[in-house]
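Visitor: I should like to examine how the ligand is held in this model. Please show me the structure before we begin.

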Amino acid sequence: MIVPTVVDVAVGLVLDGDRILVSQRKKEAHLGLKWEFPGGKPEAGETHEQALVREFREEVNLDVQVHSLFHECSFEYPERHVRLRFFLCRCRQPEQVRALEVLAVRWVPLHSLPALDFPAANGPVIEKLMDAHMAGF
Ligand SMILES: Nc1nc2c([nH]c(=O)n2[C@@H]2O[C@H](COP(=O)(O)OP(=O)(O)OP(=O)(O)O)[C@@H](O)[C@H]2O)c(=O)[nH]1
Ligand SMILES: [Mg+2]
């Protein structure tokens, strides 16, 4: 019997006023060309928070401070099963962002998130973010 492995992923929701950071996945990556929140898989011995700090530096050249867990979910794509943990983060120098290991990176107004093409797993967290934003966080 083949037991599918679950890919554990730490994802960062970095807010700067009314804006949030989004990046675009490289064409050849899983879910290539979709927009996402930067993040990735923790390496052996790393906590989710440590993985996020490292991934933000590697992918978008940004130093972030990880605050709290905002949302978790599991999602089964046809080719892999992921467990996503979304953390609220802050950064001190938003202008530092550069697309290093991603195709593009952008600060976008929170209200524009529903117009971007995100992976299917991101629907509920985006809805929750919009609700929290309307309520003033
Ligand atoms: N980073 C990130 N990954 C997401 C999001 N939504 C979502 O379904 N995923 C999925 O989570 C999985 C892990 O993400 P990843 O490919 O960024 O992992 P990584 O940075 O460690 O990449 P690598 O495999 O090239 O080392 C991918 O299958 C990706 O499609 C999201 O908002 N952000
Ligand atoms: Mg990644």
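The questions and answers below concern the ligand site of this predicted model.

Visitor: Which residues are the closest to ligand 1?

Guide: The shell around ligand 1 contains 20 residues. By class, it divides into 10 nonpolar, four polar and six charged residues. The closest of the 20 are His-30, Phe-37, Lys-41, Tyr-77 and Arg-80.

Visitor: How far is a polar side-chain atom of His-30 from an oxygen atom of ligand 1?

Guide: A polar contact requires a pair of N or O atoms within 3.5 Å. His-30 contributes a polar side-chain atom, and ligand 1 contributes an oxygen atom. The distance between these two atoms is 2.5 Å.

Visitor: What part of Gly-39 and what part of Lys-41 lie by an oxygen atom of ligand 1, and how much of the ligand's accessible area does the protein cover?

Guide: For Gly-39, a polar backbone atom is 3.2 Å from a ligand oxygen. For Lys-41, an N or O atom of the side chain is 2.5 Å from an oxygen of ligand 1. On its own, ligand 1 has 640 Å² of accessible area, and the share covered by the protein is 80%.

Visitor: Which elements give two or more residues to the shell around ligand 1?

Guide: Ligand 1 occupies the space of the largest pocket. Two or more shell residues come from each of β1 (6-16), β4 (39-40), α1 (48-60) and β6 (81-91).

Visitor: What is the largest C-alpha distance between the "binding site" positions Gly-39 and Glu-59?

Guide: An unreviewed UniProt entry places a "binding site" feature at Gly-39 and Glu-59. They are spread over 21 residues of sequence but cluster in space. Gly-39 lies in strand β4. The largest C-alpha distance is 8.0 Å.

Visitor: Why can Arg-25, His-30, Glu-36, Phe-37, Pro-38, Gly-39 and Asn-122 be said to gather at one spot, and which pocket do they line?

Guide: The unreviewed UniProt entry lists these residues under the feature "binding site". They span 98 residues in sequence, yet no two of their C-alpha atoms are more than 14.4 Å apart, so they gather at one spot. Arg-25, His-30, Glu-36, Phe-37, Pro-38, Gly-39 and Asn-122 are included in the lining of the largest pocket.

Conventions
Residues are numbered from 1 along each chain as its sequence is written. Chains are lettered from A and ligands numbered from 1 in the order in which they are written. This is a predicted model: local features need pLDDT of at least 70, side-chain atom pairs count only at pLDDT 80 or more; totals for chains, interfaces and linings use all residues. Side-chain values use heavy atoms; hydrogens and water are left out. A residue is near a molecule or strand if one of its heavy atoms lies within 4 Å of it. A polar contact is a pair of N or O atoms within 3.5 Å; within protein, one must be able to donate a hydrogen and the other to accept it, and residues adjacent in sequence count only if both atoms are side-chain atoms. Accessible areas come from the Shrake-Rupley method with a 1.4 Å probe; for residues, only the protein chains shown count as cover. On a 1 Å grid over the protein atoms alone, a cavity is a set of points where a 1.4 Å probe fits but cannot get out, and a pocket is an open set with protein on both sides within 12 Å along at least five of seven lines; lining residues have an atom within 4 Å of a point. A molecule sits in a cavity or pocket if more than half of its atoms lie within 2 Å of its grid points. Helices (H or I, at least four residues) and strands (E, at least two) are DSSP runs, numbered from the N terminus. Ala, Val, Leu, Ile, Met, Phe, Trp, Tyr, Cys and Pro count as nonpolar, Asp, Glu, Lys and Arg as charged, and the others, Gly among them, as polar. UniProt positions are given in the numbering used here, feature names are shortened, and annotations may be inferred rather than shown by experiment.
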